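Open the structure in your viewer and keep the selection box handy. We will go from one side chain to the next.

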Amino acid sequence: MINKNIVPIIKSLNLVTEVQKGNFGLEKENLRVDKEGHLAMTPHPAIFGDKKKNPYITVDFSESQVEMITPSFKKVKDTYYFMENLHDIVTENLSEEYLWPQSLPPVIPEEEKIPVAQFEQDKKSEEYRDNLAKKYGKYLQLLSGIHYNFSFDSDFIKEFHERMNTGESYKEFKNNLYMKVARNYMKHSWLLVYLLGASGVVHKSYNPSCIARLQNFDEDLYYFENGVSFRNSICGYRNKKELYVSHNSLEEYIGDLKKYISDGTIQGAREYYSSLRLKSKNASDLLGSLEKDGIEYLEVRSIDLNPFSRIGIELKDMEFIHLFLMHMLLKGECSFTKEDYLSAKENEKMLATHGMDKEFTLTGVCGGKFKVKDLVIAIFEEMKTNFKELGIYDEDMEKVFDFQLEKVNNVEKLYLNRLLKAVKEEGYINFHLNVAKKSLEYTKMNSFSLKNYEDMELSTQILIRDAIKRGVKFNIVDRVENFITLEKDGIKEYVKQATKTSKDSYISMLIMENKVVSKKVLNECGIKVPLGNNYDDINEAKSDYRKFEGKRIVVKPKSTNFGLGISIFQNGFTKDEYEKALDIAFSEDASVLVEEFIEGREFRFLVIGNEVVGILHRVPANVKGDGIKTIRELVEIKNESYLRGTHYEKPLQKIKCGAIEELHLANQGKSFEYVPKKDEIVYLRENSNISTGGDSIDFTDEIPNVYKEIAIRASKSANVTFCGVDIMIKDIKNENPEGNYAVIEINFNPAIHIHCYPAVGKNRKVGDKILDTLGF
């Protein structure tokens, strides 16, 4: 019954919502190239760690061929965004190299010079690749693409199995369900090749025997004149001879592959090249695991890299593939004999090679010859009919179909034709290098942001990004609290807000949180701290006005962050101003400190273990005059920086032109319409917090070591591994600290992003430092 159109069954069993659910993953290959567009001959970058252990970033056939792998997600868009993150991480961390955004290779050297991937600890992987090189040649193995991994939601399959009550075991039912999808997919595989084909022209440095079969395109380029996808064509990924592998049942599928392996036709199941592959739970023992556990998911393998999409594939194309696979389950099917199988393979191959020929026809799944466009439209209509009958065809789905129909109705918009036009205008190397350069530029402008995780703290995003880079698995435990786990090689760490870890005790955090206690432990360690009093009673604090009259003081809550509730009096104050400052401070905390004002500049020292990994000077919100523009105009220009945003989604916050800023300017005899002289610095805030538009300036290399040692001592006073130490320093060139400094605070939750993306200075790579300290 499952072989028929099952739309009515799905409706009658109330499984309409469930059939739409799935698990999605992507694998993507890109060649690394140098600045001239030649294949990179360098080893796989060490920054990505052990290529055998990194679950996200590894290599495929060649040492020059990066492979990126997403985890499995419940939503297509989540998979897309994670691949975007992987693409950005790799792009940003290549040294003087780019990711080649095309399935077909760049300029490549003689075949013997193409570097095969090396695995010091895994000689079997090297032998497998060496055998492929001997059998198919290294040129073929450089063809890169995208694999789309899909499985139906397990709860859907279980419910479907229980309600159908066919008498089959769950495993048998699941296998038969996926085999139906596989059979229907094989018959229609040409459709995705047509819609997603983007490998058109190849450089003359490619395989000479293949070049001889092509037509000249332009100067050093060759192509199949009516081809759609070189990678899927007669010159593309194919076995030495066309192998017949039965898809009538999983048992027959496994049996045929075993036969080809035993007679030496292929060296293993993964050498069977097909546009769709059945995948098992245990990838290292594909056939054994298929027998034991059944089909775990399907892998669509015919997708070309799309150079017009920054990451190689469009989100709407991914959404269409999901609809296509769902349709392959819902629709009925004709027979699938050996002849049908070989006819389907021929359809795919010949469309890839000649599909743009106006006279080209395809064999229908139940017989007959059809023009490509007519058959595409017919399939789309059948899909829409099924989805409408299920009641799931909505505006979003219509947009996905419209996106594909635009290509079908105007073939100039097919990726292949867009590529041919672009290469004709810009040149093969220039076009692809320009695409790669633009991708790198975009990455650099947004490297502080992890796509789909923007709601989390920037510091946590940075740590996750660096964990992915070196192959540390992460899991989000509590998104709101920025609580994650990191895991690799048997080591597991719980981390909150990037720097709260098992390396620090709860009491250490409490010491740092409580400014009274932290001052005491610092003082006991011989570290200079501001003198002052702590008050739990606002009336007592107000009655002590005479103790501080005429002095320079700071009034601040005992336990607070982001500069909230702090008032600074450098030039005297009235009793009313003093009492108002206390009112503000007590509104933030039940305990308040009144301390001496320490002269100098404030620096944030980020201490990790026994090292100061970054030092920042935070400057109050300000603008620099040019003698022409008003303060308001200068603020607008400064706020255009890609580093500035709102709601803490970027490393720096936009400067506001609000009441507080207006009052501060008025105290200087200025307004927003004032035009500062050239190079005149005008401050719009008293406090230097980044959260209120301040600048962060890196001073890591300028501050003498004696102050770094003080910062480390300060962290040790609370017995802490990760902390921020705020030090006021009068003269940073004075290496004699006596009377030149005071530690005003030790912070248990230091934001690492300000050291990674300062307004002025270099990235201190703090995420890597944290991972090193945690043993990853």
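Start by selecting Lys 496, which is partly exposed at a relative accessible area of 21%; here buried means under 20%, exposed over 50% and partly exposed in between, with a 1.4 Å probe and protein chains only. This is a predicted model, in which local features need pLDDT of at least 70 and side-chain atom pairs count only at pLDDT 80 or more, while totals for chains, interfaces and linings use all residues. Residues are numbered from 1 along each chain as its sequence is written, and side-chain values use heavy atoms, leaving out hydrogens and water.

Now add Glu 481: its salt bridge with Lys 496 has the closest N and O atoms 2.9 Å apart. A salt bridge is a side-chain nitrogen of Lys or Arg within 4 Å of a carboxyl oxygen of Asp or Glu. Lys 496 lies in strand S15 (residues 491-496) and Glu 481 in the loop between strand S13 (473-478) and strand S14 (483-488), so the pair ties together parts 15 residues apart in sequence. Helices (H or I, at least four residues) and strands (E, at least two) are DSSP runs, numbered from the N terminus. Glu 481 is partly exposed too, at 35% relative accessibility.

Next, select Lys 331 and Glu 382, a salt bridge with its closest N and O atoms 3.8 Å apart. This pair links distant parts of the chain, 51 residues apart: Lys 331 is in the loop between helix H11 (315-330) and helix H12 (338-354), and Glu 382 is in helix H13 (residues 372-390). Is Lys 331 buried or exposed? At 6% relative accessibility, Lys 331 counts as buried, whereas Glu 382, at 31%, counts as partly exposed.

Time for some rings. The whole structure holds 36 aromatic pairs, where rings of Phe, Tyr and Trp (its six-membered ring) pair if their centres lie within 6.5 Å; planes under 30 degrees apart count as stacked, over 60 as edge-to-face and the rest as tilted. Select Tyr 136 and Tyr 273 for a tilted pair, 5.5 Å centre to centre with 55° between the planes. Both Tyr 136 and Tyr 273 are buried. Then add Tyr 237, which forms an edge-to-face pair with Tyr 273 at 5.1 Å and 70°.

For the last stop, select Arg 270, which lies over the face of Tyr 128 at 3.7 Å from the ring centre. A charge sits over a ring if NZ of Lys or CZ of Arg is within 6 Å of the ring centre and within 35 degrees of the ring normal.
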